[in-house]
Amino acid sequence: MVRMARILYGWAVNMLGIFLATALNLVSYNGRFFTLVFAALALGAINVLIRPVVTILSLPAIVLTFGLFIFVVNALMLWLVDVVIPNFQTFGFWKTVFAALVVGIVNFVLHAFLRDITKEQMTRS
């Protein structure tokens, strides 16, 4: 039950991140709610299945750039969502990098918030 709640929470956070990136005109899902839903699901699946392999393969570039190349890896994952999901669009390299940065910041902030909530619940019980 807890695992399913974490998966749903991660999916909702990805959806919120993509929505915010769309509001900043960095990506587009053409106003279709189901495109947003499937884009968030695809981003989660791509991050679980493909991102670890790409990160390991690009480790030399990540080390040489002191970790900055990870933004390019994140943008590549968002671009893959563009390839897989119809009606989801990215707009060039830099906008995709900034969109990935927005999604990453939303993920970081909301997962930190979740960590605080779960710690609080664990201390109560």
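Where in the structure does R32 lie? You'll find R32 in the loop between β1 and α2. One thing to know up front is that this is a predicted model. Below is a quick tour of its helices, its nonpolar core, a nonpolar patch on the surface, and a few loop residues with a positive phi.

**The loop between β1 and α2**

- R32 counts as partly exposed because its relative accessible area is 43%.
- Take M77 as a partner to compare: R32 and M77 sit 45 residues apart in sequence, and their C-alpha atoms are 21 Å apart in space.
- N30 is also found in the loop between β1 (27-28) and α2.
- With a relative accessible area of 40%, N30 is partly exposed too.
- The backbone at N30 has a phi near 60 degrees, which is a positive value in a residue other than glycine.
- As background, most residues other than glycine have a negative phi.

**Two more positive phi values**

- N25, just after α1, takes a positive phi of about 60 degrees.
- F66 has a phi near 55 degrees, again positive in a residue other than glycine.
- Look for F66 in the loop between α4 (59-64) and α5.
- F66 counts as exposed, since its relative accessibility is 79% and the exposed class begins over 50%.

**Helices α1 and α5**

- The 22 residues of α1 should span 32 Å at 1.5 Å a residue, and the 31 Å between its end C-alpha atoms agrees with that.
- Along α1, the buried residues are G10, V13, N14, M15, G17, I18 and A21.
- Helix α5 covers residues 69-84, 16 residues in total.
- From first C-alpha to last, α5 reaches 23 Å, close to the 22 Å expected at 1.5 Å a residue.
- Buried residues in α5 are V73, A75, M77, L78, V81 and D82.
- A handy rule for reading such lists is that an α-helix has 3.6 residues a turn, so residues three or four places apart point the same way.

**The largest nonpolar core**

- The largest nonpolar core has 25 residues, and I18, V27, L43, L78, V81 and F88 touch the most other members.
- Elements giving two or more residues to this core are α1 (2-23), α2 (33-49), α5 and α6.
- Helix α2 supplies the largest share of the core, with seven residues.
- Leaving aside residues up to four places away in sequence, F88 touches I18, V27, S28, Y29, T35, A39, L78, V81 and D82.
- In soluble globular proteins, nonpolar side chains tend to be buried together.

**P52 and its distance to V73**

- P52 belongs to helix α3 (residues 51-57).
- At 38% relative accessibility, P52 counts as partly exposed.
- P52 and V73 are 21 residues apart in sequence, with their C-alpha atoms 9.9 Å apart in space.

**A nonpolar patch on the surface**

- L68, F71, F93, W94, F98, L101, I105, F108 and V109 make a nonpolar surface patch of about 950 Å².
- Which helix gives the most to the nonpolar patch? That's α6 (residues 92-124), with seven residues.
- F108, one of the residues in the patch, has its place in helix α6.
- F108 counts as exposed because its relative accessibility is 59%, and the cut-off for exposed is over 50%.

Conventions
Residues numbered from 1 in each chain as written. Predicted model: local features only at pLDDT ≥ 70, side-chain atom pairs only at ≥ 80, totals over all residues. Heavy atoms only, no water. Patch = residues over 30% accessible without salt bridge, like charges linked within 9 Å, V, L, I, M, F, W, Y side chains within 5 Å. Areas by Shrake-Rupley, 256 points an atom, 1.4 Å probe, with all protein chains shown as cover. Salt bridge = Lys/Arg side-chain N within 4 Å of Asp/Glu carboxyl O. Helix = DSSP H or I, 4+ residues; strand = E, 2+ residues; numbered from the N terminus. Buried < 20%, exposed > 50% of the residue type's maximum accessible area, 1.4 Å probe, protein only. Expected span 1.5 Å × (residues − 1). Core = buried A, V, L, I, M, F, W, Y, C linked by side-chain atoms within 4.5 Å. Contact = heavy atoms within 4.5 Å.
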